[in-house]
Structure formats: structure tokens, C-alpha cells
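Trainee: I would like to learn how to read the features of a model like this one. Where should a reader begin?

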Amino acid sequence: MKEFNSEPIDIVIPWVNPNDEYWFKQYSYWKQKCTGMKSPERIRDFGNFKYWFRSVETNVPWVRYIFLIIPYRTSIPSWLNIKHPKIKIITQEDYLPAKYNPCFNSYICTMYLHLIPGLSDNFIYSNHDFIFSKLQKEEDYFINDKPVRTISYVEGRTVGKTMFDYNIRNDEEIIKKITGKYYKFKTWHTNFAFKKSFIEFMWTKFGKEFEKSLENSKFRQKWNITDLVFDYAQQISGICINKPVCKNTKYFGLRNNSTKQSMIDYMNKYSVVCFNDNEYVKGDTTNLQKKLIEALDFKFNEKCSFEL
């Protein structure tokens, strides 16, 4: 059977600009008033976002639109060419229900992606710490309009103690309502291929549960359901094309002693690399940031059309 997609493929990419003074004022105010996850690495900026755009232009040229989700128009990075025909700027107020704004919880932002105006039924959900280091094909993400995924789950689940463990268990509770069984899913920090229509279907079935889980959650809370529930449900429903795509995506957990060469080696070896900031990066990050930017510039040293 010929592999093709009748629907275009978009990319959705959320981003927080900690240098946006208006956003930071709102963040500082609500941080004092609300509980939840407020880890500094969640808003730390290493200056690597422009390289995400360079990697998209070089290695994902077939994408139709890039939907950049930001809190406010004041968060637009100064270097971004917002007149580029592929770029669609979406603020949280453009698609989130008003009761959630201002929002500092990425789970809320991603649970409502289906409400983004003009978004294709086929879309990739990405993050700014990913780099498309090698040429991507449409069939890496969608085949005949079906999302491509490495199907990976087993019955049973051991619950950990972190907030994320609780969040995943909440997702799996929804899957139990569909299947009658608990499933343990292998979760990669990767780009996800989503069907907007399937997310809409999930909301018709479990909208009350989703909304309840997101109450009182300006910041992440352990009772939240996450967007991973859509990935899990796509897998369990059988609408995914089972293909070993995740082996070509590699997680690189940044550390203060990470080397520039090791970053370059990952990009040369793997198709997609996630250079993830995390709680293990301590103190002054100036040297680490320098090494990361030098490695990315080694791989993508030419300014792209998404930049001014």
C-alpha cells in the first residue's frame, strides 16, 4: 500500500521566555500565592531555542505550520521572524479557557491543544530542548494519516513517589476506564504524533475527569492528568502504526560537566536529540550554556529564514 497523508502535518511548540518582564512579574506574583512545581530549570533559558528552528528548517522542511505557544505577545523572542509564512503565534489566551489564565502549568497548555485555531488534524507536539539532528520523513510521524509510535506497554504498574509518577498513574486510571486493566507504559521524552480528532474524541468521553484534574493548578500538581494520556490512548486503541521510531531519539540529560564533543557526537549519531535541562544542573550554568551553544552552532551554524 502506498504511504501518504491526506492531511498536512503541523508542529506545536510551547515556549516560556523568562526574559519577558511582563510574564516574569505575573509568574513571581502567582508563585507566592500558589502551591505546585516551581523548579527553576523549568523556566531556565540556555539560548538554544533558535537552533530548534534551524533544525526544523534543515531537517523537517515538509511541515506546514509551526504553532508557537507563548503566554503573551510580549514573550515573542526578539530574533524570531514572525512574518514567516509558516509561523503562527498563539498566546495562551488565544485557545485556553479563560478560567486558567494566567497559566504556569504546561499540562493545562497541552491538554487543550485541540483548541488551537487552524491546527491540522495531524500534528507533532515538540519541545524547545529537542533538536532534529538528521533529516526527518513524514512517515516517521504519520503513515496514511495514522500516528507512528513505538507501541510499548505491559499490564501492571509500580507507583513511584515523584509528582510525575502520580501524574502518570492519573493518566493510567483513564486508560483503565477504557480497557478495564492497569497498563504500565514506557514513556520517552520525545516528539509525539497526535491526531487532533482523537484528542477531541477523548474530551467527549473524559472531559469531566480532565477538567477536575486541572482544578487549582496554576502550577503542576500531583492530581493532574497530562497530555500523555492521549499518547497512551492512541496506543491502546490501535490507531497507531507500530514502528520502532524511539530508538533514533536520544535523551541527553545535561550536567555541569557535559562536554561539547559529547553533544556533537549525539547529534551525529541520533536522528533527534533532547538536550534536557534538569535538577542535576547546579549553580552557575554559564560554562554549560557556552558548550551547548557551541555544539549546536557546530551542527547548525547558518541563520535560518525563521530568524531576523
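Mentor: We go through a sheet, two helices and some single residues in turn, and the model is a predicted one.

Trainee: In what order do the strands of the open sheet of five lie?

Mentor: Strands of a sheet pair through backbone hydrogen bonds, and the pairing is either parallel or antiparallel. Here the order is β3-β2-β1-β4-β10, and the pairing is mixed.

Trainee: Why is one side of β3 and of β10 left without a neighbour in the sheet?

Mentor: β3 (87-91) and β10 (192-195) are at the edges and have a single partner strand each, so one side of either strand has no neighbour in the sheet. From one strand to the next, the twist averages 25°.

Trainee: How many bridges join β2 to β3?

Mentor: There are five, and β2 (residues 66-70) runs parallel to β3. One pair can be located in the structure: Ile 70 has Thr 91 of β3 as its bridge partner.

Trainee: Which strands does helix α6 touch?

Mentor: α6 (residues 196-213) packs on the sheet through β4 (122-125) and β10, and the directions of α6 and β10 make an angle of about 65°.

Trainee: How do α6 and α7 cross?

Mentor: Their axes come within 11 Å, with a crossing angle of roughly 120°. That makes α6 oblique to α7, because the value falls outside 65 to 115 degrees, the range for roughly perpendicular, and is not over 145. The crossing is right-handed.

Trainee: Which residues of α6 and α7 meet?

Mentor: An α-helix has 3.6 residues a turn, so residues three or four places apart point the same way. From α6 the contact has Phe 198, Ile 199, Met 202, Trp 203 and Phe 210, and from α7 it has Val 229, Phe 230, Ala 233, Gln 234 and Ser 237. Of the residues in this contact, eight are nonpolar, two are polar and none is charged.

Trainee: How many residues of α7 are buried?

Mentor: Nine of the ten residues in α7 (residues 228-237) are buried, so the helix is mostly covered. Among them are Leu 228, Asp 231, Tyr 232 and Ile 236. After α7 comes Gly 238, with a positive phi near 85°.

Trainee: Which residues other than glycine have a positive phi near 50°?

Mentor: Asn 144 has such a value, and so has Asn 216. Asn 144 is placed in the loop between β6 (142-143) and β7 (146-149), while Asn 216 is in the loop between α6 and α7.

Trainee: Why does Asn 144 count as partly exposed and Asn 216 as exposed?

Mentor: The relative accessibility decides. Asn 144 has 25%, so it counts as partly exposed. Asn 216 has 68%, and therefore counts as exposed, the cut-off being over 50%.

Trainee: Where is Ser 271 found, and is it buried or exposed?

Mentor: Ser 271 sits in the loop between α8 (260-269) and β13 (272-276). It counts as buried because its relative accessibility is 14%, which is under 20%. Apart from neighbours within four places in sequence, Ser 271 is in contact with Ile 131, Phe 132, Ser 133, Lys 134, Gln 136 and Asn 248.

Trainee: Is the peptide bond from Asn 101 to Pro 102 cis or trans?

Mentor: Omega is the angle to read. For this bond omega is near -5°, and the bond is cis. Pro 102 lies in the loop between α3 (92-95) and α4 (106-111).

How values were computed. Residues are numbered from 1 along each chain as its sequence is written. This is a predicted model: local features need pLDDT of at least 70, side-chain atom pairs count only at pLDDT 80 or more; totals for chains, interfaces and linings use all residues. Side-chain values use heavy atoms; hydrogens and water are left out. Two strands pair if DSSP finds at least two bridges between them. Helices (H or I, at least four residues) and strands (E, at least two) are DSSP runs, numbered from the N terminus. Axes are lines fitted to C-alpha atoms, for helices over the stretch in contact, and angles run from 0 to 180 degrees between N-to-C directions. Contact means heavy atoms within 4.5 Å. Buried means under 20% relative accessible area, exposed over 50%, partly exposed in between (1.4 Å probe, protein chains only). Angles under 35 degrees count as roughly parallel, over 145 as roughly antiparallel, 65 to 115 as roughly perpendicular and the rest as oblique. A crossing is left-handed if the near helix is turned anticlockwise from the far one by less than a right angle, and right-handed if clockwise. Ala, Val, Leu, Ile, Met, Phe, Trp, Tyr, Cys and Pro count as nonpolar, Asp, Glu, Lys and Arg as charged, and the others, Gly among them, as polar.
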